[in-house]
Amino acid sequence: MAVCETCGNDYDIAFEVHAQGAVHTFDSFQCAIHAMAPICEHCAARIIGHGVQAGEHWYCCAHCARQEGTQGIVDRVMAGMSR
Ligand SMILES: [Zn+2]
Ligand SMILES: [Zn+2]
C-alpha cells in the first residue's frame, strides 16, 4: 500500500515518480500533475508537456516565453521536426 503525496489517498495501485533523485508516490496522474507540474510564468497554465525552460523560468510554450521577452526560444517539438 502506498499513500498519495497530494491527497493522502491510500491506494493499492499507486505509482512512483522518480525525479531529480527523489521518489514521489501518487494515486493518479491528476495528483502527480498537481504536485509536480511547473506553472507557466506567462499564462499560469500547468505545464504537462515538454514546456520551455529559459534559465530559471518555465513557460508552457515558446509563444509565452516570447511574450515575457525571452529571445531565441523555439518549441522543442518544432525544432526536432525541422532537423
Ligand atoms: Zn492523490
Ligand atoms: Zn503559457
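In this predicted model, alanine 54 touches Tyr59, Thr70 and Ile73, leaving aside residues up to four places away in sequence; contact means heavy atoms within 4.5 Å. Local features need pLDDT of at least 70, side-chain atom pairs count only at pLDDT 80 or more, and totals for chains, interfaces and linings use all residues. Residues are numbered from 1 along each chain as its sequence is written, ligands are numbered from 1 in the order in which they are written, and side-chain values use heavy atoms, without hydrogens and water.

**Nonpolar core**

- Ala54 belongs to the largest nonpolar core, whose nine residues are Cys40, Ile47, Val52, Ala54, Tyr59, Ala62, Cys64, Ala65 and Ile73.
- Such a core is a set of buried Ala, Val, Leu, Ile, Met, Phe, Trp, Tyr and Cys residues joined through side-chain atoms within 4.5 Å.
- Two or more residues of this core come from each of β5 (52-54) and α2 (62-67); α2 gives the most, with three residues.
- Helices (H or I, at least four residues) and strands (E, at least two) are DSSP runs, numbered from the N terminus.

**Zinc site**

- Cys4 (SG), Cys7 (SG), Asp27 (OD) and Cys31 (SG) are the protein donors of the zinc ion (ligand 1), at 2.1 to 2.3 Å.
- Donors are N, O and S atoms within 2.8 Å of the metal (3.2 Å for Na, K and Ca); water is not among the atoms, so sites may look incomplete.
- The zinc site is tetrahedral, with angles of 92 to 125° among its four donor atoms; four donors count as tetrahedral if all angles lie between 85 and 135 degrees.

Note on methods:
Tetrahedral: all angles 85-135°; square planar, octahedral: opposite > 155°, others 65-115°. Buried < 20%, exposed > 50% of the residue type's maximum accessible area, 1.4 Å probe, protein only.
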